[in-house]
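This report describes a single protein chain, beginning with its burial and ending with one residue and its surroundings. Please look over the sequence and the structure before reading on.

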Amino acid sequence: MSCPDDNLLAKMQEGTLEDEQLRELHDHFDECRRCAELLMVLGRQLSPVYRTSPAVLSC
Ligand SMILES: [Zn+2]
């Protein structure tokens, strides 16, 4: 899978992605340093609920 575009990332933040899409994204984040860093930046901009959720942090 190639790097996700803005549209896909926006959907991820909204929580409207399909489970399959979300899994593919996380697989990609595991192997793409650029996206992993991008995710960390995005994480700081997400809601407090998202940031403090153990389920999200532990995956
Ligand atoms: Zn990437």
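Of the 59 residues of the protein chain, what percentage count as buried? In this predicted model, the share of residues that count as buried is 2%.

## Overall architecture

The secondary structure of the protein chain consists of five helices and zero strands, so that, read from the N terminus, the order of elements is α-α-α-α-α.

## Confidence

The pLDDT of the protein chain averages 80, and 75% of the residues score at least 70. Confidence is highest in α2, with a mean of 92, and lowest in helix α4 (residues 48-52), where the mean is 52. Where pLDDT is low, the predicted coordinates should not be read in detail.

## Helix α2

Helix α2 covers residues 19-31, and because each residue should contribute 1.5 Å, its 13 residues are expected to span 18 Å, in agreement with the 19 Å that separates its end C-alpha atoms. This helix is hardly covered, for the count of buried residues among its 13 residues is zero.

## Residue C32

C32 lies in the loop between α2 and α3 (33-45). With 16 other C-beta atoms within 10 Å, C32 is partly exposed, because a residue is buried at 20 or more such atoms and exposed at 12 or fewer. Although C32 and S2 are 30 residues apart along the chain, their C-alpha atoms are separated by 9.4 Å.

Technical notes: Residues numbered from 1 in each chain as written. Predicted model: local features only at pLDDT ≥ 70, side-chain atom pairs only at ≥ 80, totals over all residues. Helix = DSSP H or I, 4+ residues; strand = E, 2+ residues; numbered from the N terminus. Expected span 1.5 Å × (residues − 1). pLDDT = per-residue confidence, 0-100.
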